[in-house]
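Please open the model in a viewer and keep the selection panel at hand. The tour below proceeds one selection at a time.

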Amino acid sequence: MSQFQIIGEQYKKLPVLINSANVGGKTYIVTGGNTGIGLETARHLVKADAGLVIISSRKVSSGEAAKADIESTTGRKNVVQVWQLDLTSFASVKAFAAKASGLERIDALIENAGVMTDKFAIVEGNETSMTVNVVSPFLLAALLMPKLQETAQQFSTTPRIVMVGSALALQANKELEKGGSKNIFANLNDAKVADR
Amino acid sequence: MNQWLTRLSSYPLTKLVQLYALREWATRYPVEKTNVIMNMTAPGVCSTGLARDTNARTRALIGTIRFIFARTPEEGSRTTVHGVIAGSDSHGKFLSGCQIKE
């Protein structure tokens with residue numbers, strides 16, 4: 001997509017494609033469901049009669065505030081659950097996955113949580129945004145694959161893993177040029193290259 | 001136009017790696033084998049708290065761009081909701097504006 005296509009699309013009226021018939025009674029996980037797009041995605045799911053919507057949040061208190069907001073705007077109580085998850089910690093990802101594996105079913109894992117930061121730091125062996133936006137989400141996806149496959153078999157459905165990406169992925173040429181495209185991880189982990 | 005994009009720190013790069021990982025995942029784990037679809041949705045420019053951890057100059061730039069043509073988080077979330085119901089043909093694909101793009 002070119003920058004012009006991206007901008008042009010901004011003015012398009014988008015449809016809401018879920019309803020009681022396609023999400024009713026099903027179970028969803030929305031990471032970063034306490035704010036922004038995650039919160040609104042969770043609200044759409046609750047509105048469309050989802051059976052259980054788990055929203056993850058770094059801070060449980062902000063997740064609880066989001067839950068109260070969804071309940072008051074949709075009028076549906078006890079559908080949303082708030083689970084703690086911090087993508088800067090693999091231990092947190094593993095604990096979350098272990099808990100989620102105990103659910104009856106998972107119809108979609110929506111990996112929305114992400115970070116945009118210009119403070120350089122290494123967490124779990126990589127630059128913070130690489131850990132939070134890429135490594136941890138794929139770790140979580142891998143750990144939940146058995147449960148998703150089990151759901152597919154038991155309920156004859158096709159569960160989804162939805163990665164929330166960005167059109168900026170297609171505009172990363174300049175960033176790539178900084179350190180070359182051969183070893184993106186190593187370059188980003190070098191503060192001098194990352195800050196250039 | 002390209003200038004402001006370079007000031008968003010490492011974010012675009014991580015999103016590119018995420019897209020590469022999606023492609024690789026889809027090749028290794030086809031829907032026929034797993035019955036699980038993985039896709040990627042792009043919400044467009046939305047007025048959310050995403051850039052809250054960046055410096056004042058970046059925030060000012062993003063604020064201006066958002067002022068001109070941002071979607072609300074609710075409008076942006078419609079693209080995410082699309083990913084939830086998109087079919088097998090969305091496996092490993094980049095979705096934008098509620099359509100399968102590339």
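Begin by selecting the strands of both chains in this predicted model. Eight of them form an open sheet of mixed pairing, in the order 3(A)-2(A)-1(A)-4(A)-7(A)-1(B)-2(B)-3(B). The edges are taken by strand 3 of chain A and strand 3 (99-100) of chain B; each has a single partner strand, so one side of each is left without a neighbour in the sheet.

Next, restrict the selection to strand 7 of chain A, residues 160-164, and strand 1 of chain B. These two strands run parallel and are joined by five bridges. Label A:Val164, and B:Thr41 in strand 1 of chain B will be found opposite.

**The interface**

Now display every residue of one chain that is in contact with the other. On chain B there are 60 such residues, and they meet 58 residues of chain A. Several elements of chain B each supply at least two residues to the side that touches chain A: helix 1 (2-5), helix 2 (11-28), strand 1 (37-42), helix 4 (56-69), helix 5 (73-85) and strand 2 (94-96). Which helix of chain B gives the most to this side? Helix 5 does, with 13 residues. Colouring the side of chain B that touches chain A by residue class shows 28 nonpolar, 25 polar and seven charged residues.

**Helix 5 of chain B**

Select helix 5 of chain B alone. From first C-alpha to last, its 13 residues reach 19 Å, close to the 18 Å expected at 1.5 Å a residue. Eleven of the 13 residues are buried, so helix 5 of chain B is largely enclosed by the rest of the structure. Among the buried residues are B:Pro73, B:Glu75, B:Arg78, B:His82 and B:Val84. To see what covers them, add helix 2 (20-23), helix 3, strand 4 (108-111) and strand 7 of chain A, together with strand 1 and strand 2 of chain B; the cover includes these elements from both chains.

**Helix 4 of chain A**

Move to helix 4 of chain A, residues 60-74. Its 15 residues should span 21 Å at 1.5 Å a residue, and the end C-alpha atoms are 21 Å apart, which agrees. Show the side chains and ask which residues of helix 4 of chain A are buried. They include A:Gly63, A:Ala66, A:Lys67 and A:Ile70. These residues cover an arc of only 105 degrees around the axis, which puts them on the same side of helix 4 of chain A. An α-helix has 3.6 residues a turn, so residues three or four places apart point the same way.

Rotate to the face turned away from the buried side of helix 4 of chain A, where A:Ser61, A:Ala68 and A:Ser72 are exposed. Returning to the buried side, add helix 3 (36-47), strand 2 (52-57) and strand 3 (80-84) of chain A, which are included in what covers the buried residues. Just after helix 4 of chain A, select A:Gly75, whose phi is positive, near 75 degrees.

**Chain A as a whole**

Finally, show chain A in full. Its secondary structure comes to nine helices and seven strands. The radius of gyration of chain A is 18 Å, close to the 16 Å that the globule rule gives for 196 residues, so chain A is as compact as a globular protein of that length. Along the principal axes, the C-alpha atoms of chain A fill a box of roughly 50 × 40 × 35 Å. Of the 196 residues of chain A, 49% count as buried.

Note on methods: Residues are numbered from 1 along each chain as its sequence is written. Chains are lettered from A and ligands numbered from 1 in the order in which they are written. This is a predicted model: local features need pLDDT of at least 70, side-chain atom pairs count only at pLDDT 80 or more; totals for chains, interfaces and linings use all residues. Two residues are in contact if their C-beta atoms, placed from the backbone, lie within 7 Å. Helices (H or I, at least four residues) and strands (E, at least two) are DSSP runs, numbered from the N terminus. Ala, Val, Leu, Ile, Met, Phe, Trp, Tyr, Cys and Pro count as nonpolar, Asp, Glu, Lys and Arg as charged, and the others, Gly among them, as polar. Two strands pair if DSSP finds at least two bridges between them. The expected span of a helix is 1.5 Å times one less than its number of residues. A residue is buried if 20 or more other C-beta atoms lie within 10 Å of its own, exposed if 12 or fewer, and partly exposed in between; C-beta atoms are placed from the backbone. The arc is that of the directions from the helix axis to the C-beta atoms. The radius of gyration is taken over C-alpha atoms; the globule rule is 2.2 Å times the number of residues to the power 0.38.
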